[in-house]
Amino acid sequence: MNALGILSTIFVLIAAAPEKTREIKDPSQMIAEVKGMVCVFCSFAVREKLERLEFLDKKMFRKGKVANVEEGTVTMALARGKPVDFAGLYRIMHKGGYDIQAVHLNLIGTLAGKGDAMVILNEFSGQEFSLVDEYRRPWWGPEDFKGKRISVEGVIPEDVLANPEAWVRMVVRVKSARLAPDRPAEQKQEDKER
Amino acid sequence: MIYNGIMQLTGTGYFLALTVVCLTASPSFAHHPVLDAEPRGLGAFGFQMRFENISANALEQDGSEISNSQGLSYDNRTQWLEGIYTFNRTFHAVFKVPFQTKTGRLPIGAQVKDLKASGMGDVNLSFPISRYFNAMGFTSHMAMVPHLLLPTGSTDGELPLGRGTAGYGLALVYDCETPRLYGRWEVFGHAGSKGDDDVKRGNFFGVDMGIGGFPVINEEREFSIKLTLETHARVQMKDKYTATLAASTGGSSVVGHQHAGFYAAGPSVTYSNDNTGGRWIEVGPSATCYFRNMAFRLDAFFPAYRKLNGTQLANDWILQFTFGMTLSKLFPWMQ
């Protein structure tokens, strides 16, 4: 192993932290784990370009997003009713010189079967997601979840994000799920009006 | 940036070429804007202004300081305008333009003269070819950086601003970074051909290293501070000049120079200027403040080791201030 290899290994070992469990309970937020984003200055241009994404709620955080270079994450505030443009997000990061390792999000909606897939229509964004387990098989969930409103914490891994075919209906690996209370009446009314 | 001037001291009957070597740690040939953090994003720009101040007042002969009774000195203040454009993750283009003000008290012929010159020097163009490696909490970058030195600086007068010849070279760069640590290593070389004055400046090779970290990171204010210890090592070959000798003994008249001595006649002879070149190592702290897309850097370099050939003026320390910024687009209307 040459000197460069030894030095890089030292840096990676120092930097490497145990994998963090990212909990995200709020459907209005999404966390992207970004590989290579370690410097506030270097990531400025990419963070600036993220502001163009229309699905961000620009009134929250710093124009809809906040970066944490020590954790290597970008937390995004989502605007209600706006579908998340995963393709745009991936392209901005990739062209900016970084790679998204995963996107963590919280979905809330009713679980339903659709052909071979188990699908949830996310009430917050109006987008449909396919749910899979850790083996990428359709996630059936417990029997009492069928037809019920559930809250799902999930993660979209890098290979799915990088696959243009997946951008039509994003695949989410379920980390945890629970029954959710009924939707508030005013929210149902808001969605109807929208 | 290295300036070589060949002057004569007659009256003592021997040929003495005094060469001023600007022991610049200036990253003229290797480092790339912006403050070594080239913008990664496709279509991004980076610019920086670098202010470099070098003063050489010590006269050294064969590695030891000797009396400088004539008060010989050399100062070079250079403002560099540097820019980089990122085509994609792999290809970039860089320009570096020096604007120099040189002053010196130097021997010309039988006299010691006070000289001054100012203007644009030789422009450097380079084309970094990069490869990034990204992981969570870590990024590294390797680059091969070929460069061209264009002979845009004036060679008129007794204190030329340029070398009068094109030059070329290559740098190999590796840097890696975590949120708190930073390291950079570079190896580079530069060569050139004969200039207007029939002198081929000595090729040089260098190794640069910067190791440090980020003691301050404030994400809310988009502010951070980087501190590094920089080490620059250089080896410069002797200048060579080729001259046509008249067949004579006891002395010769050489095109552009005069020698006292005996030389065999021949169509051309290549000489080395024994008062040029050498090797040295400079070390010093570097502090960079980052705020949003701007960066401010202060470097100070001190000679840790120096072995110059023959008799040369040498500097004691070098100060450098840089301001840089990155832009995701050059004009607001650009996508």
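Which residues does A:I156 touch, leaving aside those up to four places away in sequence? Hello everyone, let me start there. The list is A:F86, A:Q101, A:A102, A:V103, A:L105, A:L161, A:M170, A:V171 and A:V172. Please keep in mind that what we are looking at is a predicted model.

Two of those names, A:F86 and A:V103, come back when we look at the largest nonpolar core, which has 51 residues. Together with A:M30, A:M37, A:L131 and A:I156 itself, they touch the most other members of that core. There is also a second, separate core of eleven residues, and among its members are B:L106, B:A117, B:L159 and B:L161. If you are new to this, here is some background: in soluble globular proteins, nonpolar side chains tend to be buried together.

Let's follow A:F86 into its helix. Helix α3 of chain A covers residues 86-95, and it is largely enclosed by the rest of the structure, because seven of its ten residues are buried. Those buried residues are A:F86, A:A87, A:G88, A:L89, A:Y90, A:I92 and A:M93. Just after the helix, A:G97 takes a positive phi of about 95°.

A positive phi also turns up in chain A at residues other than glycine. A:F61 is one of them, with phi near 50°. You can find A:F61 in the loop between α2 (44-50) and β2 (65-68), and at 40% relative accessibility it counts as partly exposed. A:R136 is another, with phi near 70°. This residue sits in the loop between β6 (128-132) and β7 (149-157), and its relative accessibility of 43% makes it partly exposed too.

Now for some strands of chain A. A:T75 belongs to strand β3, residues 73-77. Is A:T75 buried or exposed? With a relative accessible area of 14%, A:T75 is buried. Its contacts beyond four places in sequence are A:Q29, A:M30, A:I31, A:F61, A:G64, A:K65 and A:V66. So we meet A:F61 again, this time as a contact of A:T75.

A:V119 is in strand β5, residues 117-121, and it is buried at 4% relative accessibility. Not counting residues up to four places away, A:V119 touches A:T110, A:L111, A:A112, A:K114, A:E128, A:F129, A:S130 and A:R169. A:V40, by contrast, is a long way off: the two C-alpha atoms are 38 Å apart, with their positions 79 residues apart in sequence.

Over to chain B. How many helices and strands does chain B have? The count is zero helices and 21 strands. Of its 335 residues, 53% are buried. Among its contacts between residues at least 6 apart in sequence, 65% join residues at least 24 apart. The chain exposes about 13,800 Å², and carbon and sulfur atoms supply 62% of that.

Part of the surface is a nonpolar patch of about 910 Å², with B:M49, B:F51, B:W317 and B:F321 among its residues. Strands β2 (45-61), β20 (294-308) and β21 (311-327) each supply at least two residues of this patch. B:F321 lies in β21 and is partly exposed, at 35% relative accessibility.

Next, charges. Side chains of opposite charge can pair when their charged atoms come close. Over all chains, the count comes to 26 salt bridges. One of them joins B:E52 and B:R50, at 3.8 Å from N to O. Here B:E52 is buried at 3% relative accessibility, and B:R50 is buried at 2%.

Another pairs B:E158 with B:K113, whose closest N and O atoms are 3.1 Å apart. This pair links distant parts of the chain: B:E158 is in the loop between β9 (138-150) and β10 (167-177), while B:K113 is in strand β6 (111-120), 45 residues away. Both ends are partly exposed, B:E158 at 36% and B:K113 at 26%.

B:D299 and B:R297 meet at 3.0 Å, N to O. B:D299 is buried at 1%, and B:R297 is buried at 8%. Through shared partners, salt bridges join these two with B:R184, B:E186 and B:E230 into one network.

Last, the cysteines. How many disulfides does a search of the whole structure find? The search finds zero over all chains. As for individual cysteines, A:C39 is buried at 5%, and B:C176 is buried at 1%.

Thanks for listening!

Key: Residues are numbered from 1 along each chain as its sequence is written. Chains are lettered from A and ligands numbered from 1 in the order in which they are written. This is a predicted model: local features need pLDDT of at least 70, side-chain atom pairs count only at pLDDT 80 or more; totals for chains, interfaces and linings use all residues. Side-chain values use heavy atoms; hydrogens and water are left out. Buried means under 20% relative accessible area, exposed over 50%, partly exposed in between (1.4 Å probe, protein chains only). Helices (H or I, at least four residues) and strands (E, at least two) are DSSP runs, numbered from the N terminus. Contact means heavy atoms within 4.5 Å. Accessible areas come from the Shrake-Rupley method with a 1.4 Å probe; for residues, only the protein chains shown count as cover. A nonpolar core is a set of buried Ala, Val, Leu, Ile, Met, Phe, Trp, Tyr and Cys residues joined through side-chain atoms within 4.5 Å. A disulfide is a pair of cysteine sulfur atoms within 2.5 Å. Patches are made of residues with over 30% relative accessible area and no salt bridge: like charges are joined within 9 Å, nonpolar side chains (Val, Leu, Ile, Met, Phe, Trp, Tyr) within 5 Å. A salt bridge is a side-chain nitrogen of Lys or Arg within 4 Å of a carboxyl oxygen of Asp or Glu.
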